Every structure is written in C-alpha cells, then in structure tokens.
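Me: I have a structure to go through with you. Let's take it in short questions and short answers.

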Amino acid sequence: MRVLVPLPVVLPLIAAGLSIVLARRRLLQRLLSMVTLAVTFGASCVLLALVDRDGAQVVQLGAWEAPIGISLVADRLSALLLVVSQAVLLAVLLYAVGQGIAESGRWPVDIFHACYLVLAAGVSMAFLTGDLFNLFVAFEVMLVASYVLLTLGGGAAQVRAGMTYVVVSLLSSVLLVSVVGLVYAATGTVNMADVAVRIQDVPEGLRLALGLTMLVVFGIKAAVFPLFSWLPDSYPTAPSPVTAVFAGLLTKVGVYAIIRTQTLLFTGEGATGQVLLVFAVLTMLVGILGALVQDDLKRVLSFTIVSHIGYMLLGLGLFSVAGLAGAIVYTVHHIVVQTTLFLVAGLVERREGTASLLRSGGLAKLAPFTAVLYLVPALSLAGIPPLSGFVAKVGLLQAGLADGGVLPVVAVAAAVLTSLLTLYAVVRVWVAVFWGPVAEVVPDADVSDAIDVGVARTPPLMVLASTVAVLGGLLITVVAGPLYGLAERAADDLVDRRGYVTAVLG
Amino acid sequence: VTANLTIAVVIGVLYTVGTYLLLQRTLTRIVLGLGLLAHGANLLLLHSGGRAGDAPFVTPKGGATLTETADPLPQAMVLTAIVITFGVTAFLLALAYRSWLLTRADEVQDDVEDRRVQRLGAEEEARRAAAALQRRPEDEA
C-alpha cells in the first residue's frame, strides 16, 4: 500500500496539467479538481489508518537508496495533517466554485483550478517529504501557486500586497537554501533521518546555530512574532476562498516544518525551548492586540491567525509528549476553524459589499444563518466549551502547568489572556457586523471579490461549503478523544525518533 | 568539508550587497537585491559539497581511480535552486512591471490599511480636542 504515499503529491500535479488543457471546458475542469481532491482525501484517510496501525510508511523516489535519493515519509503527524488539509482544500474548492471566482472569464486562461491543484500538491509534499532540500522545493511549489492566486486579477491592491508577500517569501526561501547548504556542509546529507543521526557528531554550538537559523526561516513562513507583519498586510486583499485556504494551510505548513525540524533534527539544544516559549508568548499577545484595533473583518481574522500560531509554538516549546500532542491537536483545530472563519467572512462581504466593521451592521436580521455560521467557529477560536478550541486549549494548558517551570506557567497565563482577548475580538466583530441597525449596502471601490458583491442571494454552494466547514469544526469536538489519542501517539513518535530513522534508513 | 577562501568572500559580498539593496525602497533594487542574495545562497549550496574535484569522465593519468571527483549531490540541488529562483524572480519582475503600470511609481508603497488606521486615530484625537475646547466655556458658565 506504499503507493498511497506519493499519491497526494502526484495526482494533483497531473490534474493541474490536465486542467490547463481543459481550460475551455469549465464543467470538466471543475469536476476534475473536485474528483482529484476527493481521491487524495480518501487516499490520505486510508494512509492515516495504515500509518497508525503499522508505523511510518516510506517511499524512496526513483528507487534511489535513502541518504542519496528523496524519501517520502508518512508518519502519524504528517498523515494526520494531510487528512485535515485535503478536507479543507476540498471544502474551499466547493466554495470557490460556488462563488465563481474560478471562472469569471476576465483572463485568457482560467488559471485558478490549475494553481489551486499545484498548491494542494505543494502542501502535501511539504507534509510528506523526508528530505530537507525537497522541503524547500515543496515550499516553492506551494508558494509559487500562492503568488498567482494572491495576485489573481492583478488589481492595484493585489499587486501592492502581492509584492510584499513575494519579496518576504523569496527572502525566507533564500535563507532556507542557505541553511540547507550549511547543513550539507556540516553533515554531508540532506535526508532528514540521516541528518538526525549524523548531526550528533556536529559540535553543540554549530548545531544550535543551524537549529535557530531554521527556526527563523520557518518562523517567517509561519508568521511568528516579530516576523509576521507581511501576513495581515497581504492576506486580506485576496479573494475570500484564497485567503481562507492560505489562512488554514500555508502558515500551518510553516508550523509543521518548525515542529518537524526542531524535534527530528534538533532536540531542543541549549535554550531553544525557552526561546520558543518567549516568542510564543509575544506572538500570542502582539497578534491579538493587533486584532483588537483593526476595523476590517478580514484584517481582524488575519491578526488572529498570527496570535494563535503562538499556541502551537507554546506546545512545541515544552518539548514534552503532552505539549507536542496539544500542539498537534491545536494545529488541526486551527486549520479547520480559521479557514471556516474566512469562508464566512466571504459570505459577509458578499452580502454587505464590504468587510469594514464601520460600514456594516444588522446582518443577524438579514441573514440569520450566516450569523450562526460565524458564531460557532468564532466562539471555537476563543475557546468556549465544548467547541474544538476549548478541547485543544485545555490540552495545551494542562501540558504547560504539568511542566511546572516559571516560563511555561507564564506562557500558560499569556495563553489564557489571549483566549479572553480573542473572545473580545470576535464579539467586537459580532456587535459591529451582526447586531445594530441594518447598514446600507455601499460596495467598496476595489473589493477583492469583485464579483456581484452586495447581492441578496448567495449561491447555495457557498453556504453549503461554509456549513460543511463549520460541521467539520464540530466534528473535532465529537472525535476529540480518539484525536487526542492519535496526537499523543504522533507526539511519542516525535520525541522518540528511532522509529522514523529506522523506517527511512532501514 | 574544505572551504575555499575566495568563494567564501564572494558569497559574503553577494549577501552583503543583496541585503543592502533589499533594504531600499525602489522595487527594481529590491528585485536585484533578491537576485544577488539568491546567487549567494546558490553558491553557498554548491560549495557545501567541498572543493571542485577532477573531471568525472576523464581517467586520471597513471590509471588512478576516480576518487577525486566533486560531490554531485549539491550540484544537482543547486541546479534545482537556480531554476526556482529564476522563475520566481521573473514573476517578481512581472509584478514590479504591473505595479509600475498601475501606479507609475517604482516604489514600495505603505500598507494602505495601516495608514488609514493611523489617520482614524489622528481624527479621533482632533475630535476629542475640539470637544474639550467646546466644553470649556460651558464649564465656566
């Protein structure tokens, strides 16, 4: 069944090529994307079940043996994130098709589907790869697709935001190439399992330097304080489904890369754990304070992404099984909930013609169902029981308190404060957008989804996709027990690296 | 790995100049800076395999075995990295050109929303100051 491992990478890439060929047959194009992502979702689910039963599955690409060729490795962590990401990609695709962003006919070739599939392939590759250089390639595949998706349409706002985004991403990629080169110079290999073995012979100081450089590289991609300012600047200008998938997946791929490299290659050398905790606290607090002063729905949500990346760092910074399990569950929860919130923001923007908090109001009367769709994930983000955010946060907080150190306890206090401030931020949006007198619809001059915004009727497919996403968030609560069990087994694998190393190197 | 001082210095210069150009406000300079930085990173990656060895297809004199050839792995990787940075730089240039078409300015713009929030804050302050001025005569009366 090892054929399943490369499938989530290969299939979307082939489909992306076909999608360009089918550019003039829109129905076929849509069907192709949906079927492809549905198949990869199914394959990921089977893969997760297999990996959980038999341990890590490894494929050596091109039959080149492990330290020389590229290994694709599916262990519990990558398989779990793969399942969640494919599910989110599928829901957002449904939404995008409903919205009609995919085929507005403004461009010579409708490139949306092809780019979306390449993005899916890049995300899957980043989760599956067991090779540092291939991780760089995966990031590039993902980012190149995201550059095009972000600047789709090429309006002034998109180009301005796209410029920042591309320059920052390219800078972090250059740093990643540099650190891969340095790792190769130090160990003579880029295969992660092999690096994990050989880096033991590298002097402690050099190991720490490599580890921290990698932390900076992936910190930019994950939008960790103080490397986050590109995110709230660029994400809100993209069309809602694009922002939703970026918010859910791209930063989380960065978080995954941090978790993977800091547990597999480096093992909390020196004060890495403390450094992570300090930056976790700063990311949480600065992010949420940013969210409180914004007056645009999408920008508020963008700042909450930054803020909640801090929770995942907090779990990692503890370097314990409980902490890592909490971080993994939090990542799963956050992928689903943050995507859902951006999808709902798209519904709001379509109805109100603007995402501005100052110029909207009374939506609870006009569109009660949208209000419910907003409220559930918003309260989940703030950690109100029994929603998924509460489950994920409790695990993290318990892990922090169990650690007992001063810094972990401070971080836990900051996490609780951030949680309360998140509640304030989402309630502030609720009051401004859903309560109050009904605002007159005045569409923005350059609203990012410039497709008949402000019309009363929302395509049922958009509502359906958002509802499915909200239900997905609720499902996390329902399966919280088994999910935590799985996350704990995944965290065990991360702490005890022998399973991963022997699976790859044989 | 034995390093070559000349190449190390070249890498250093490329990083320095690249970083300097990246900090400018002109888009063309930023693109050039990123190009130089990427060259530096690629050279670093290439050099991580050690110094250049013998040509792989030529049998050395005296029938010795080919043990002195360079490590091919970084060369394969650096080719990939060059292609990727080339592609992304081309995209960045296209974006810079589009930005120039739209704004007629070759400059990085400020975050629109940030400036707006800042302006709102200033307006709020001005309103408060005006309100305080209005209230004062009433207090006295």
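Reply: One term before we start: contact means heavy atoms within 4.5 Å. Keep in mind that this is a predicted model.

Me: Which elements of chain A cover the buried residues of α8(A)?
Reply: Helix α8(A) runs over residues 204-222. Its buried residues include L210(A), M214(A), F218(A) and A222(A). The cover over the buried residues includes, from chain A, α5, α6, α9, α10, α11 and α12.

Me: How far does α8(A) reach from its first C-alpha to its last?
Reply: α8(A) has 19 residues. At 1.5 Å a residue, 27 Å is expected. The model comes close to that, with 26 Å.

Me: Which residue just after α8(A) takes a positive phi?
Reply: The helix ends at residue 222. Just after it, phi is positive, about 60°. The residue is A223(A).

Me: How many residues of α3(A) are buried?
Reply: Buried means under 20% relative accessible area. α3(A) covers residues 76-99, and its end C-alpha atoms are 35 Å apart, in agreement with the 34 Å it should span. The helix is largely enclosed by the rest of the structure, because its buried residues number 22 of 24.

Me: What follows α3(A)?
Reply: The residue there has a positive phi, near 90°. It is G100(A).

Me: Is Q294(A) buried or exposed?
Reply: Q294(A) is found in the loop between α11 and α12 of chain A. The cut-off for buried is under 20% relative accessible area. Q294(A) has 4%, so it counts as buried.

Me: Which side chain does Q294(A) join in a polar contact?
Reply: The contact is between side chains, at 3.0 Å. The partner of Q294(A) is R299(A).

Me: What area is buried between chain A and chain B?
Reply: Chain A gives 36 residues to the contact and chain B gives 38 residues. Carbon and sulfur atoms give 78% of the buried area. That area is about 3,100 Å².

Me: Which three residues supply 20% of the area that chain A buries against chain B?
Reply: No other three residues of chain A supply more. They are R160(A), M163(A) and Y184(A).

Me: How many residue pairs are in polar contact between chain A and chain B?
Reply: The rule finds zero salt bridges across this interface. For polar contacts, the count is two residue pairs.

Me: Which element gives the largest share of the side of chain A that touches chain B?
Reply: α5 and α6 of chain A are the elements that give two or more residues. The largest share is 17 residues, from α6(A).

Conventions: Residues are numbered from 1 along each chain as its sequence is written. Chains are lettered from A and ligands numbered from 1 in the order in which they are written. This is a predicted model: local features need pLDDT of at least 70, side-chain atom pairs count only at pLDDT 80 or more; totals for chains, interfaces and linings use all residues. Side-chain values use heavy atoms; hydrogens and water are left out. Buried area is the accessible area (1.4 Å probe) that two parts lose on being put together, summed over both. A salt bridge is a side-chain nitrogen of Lys or Arg within 4 Å of a carboxyl oxygen of Asp or Glu. A polar contact is a pair of N or O atoms within 3.5 Å; within protein, one must be able to donate a hydrogen and the other to accept it, and residues adjacent in sequence count only if both atoms are side-chain atoms. Helices (H or I, at least four residues) and strands (E, at least two) are DSSP runs, numbered from the N terminus. The expected span of a helix is 1.5 Å times one less than its number of residues. Buried means under 20% relative accessible area, exposed over 50%, partly exposed in between (1.4 Å probe, protein chains only).
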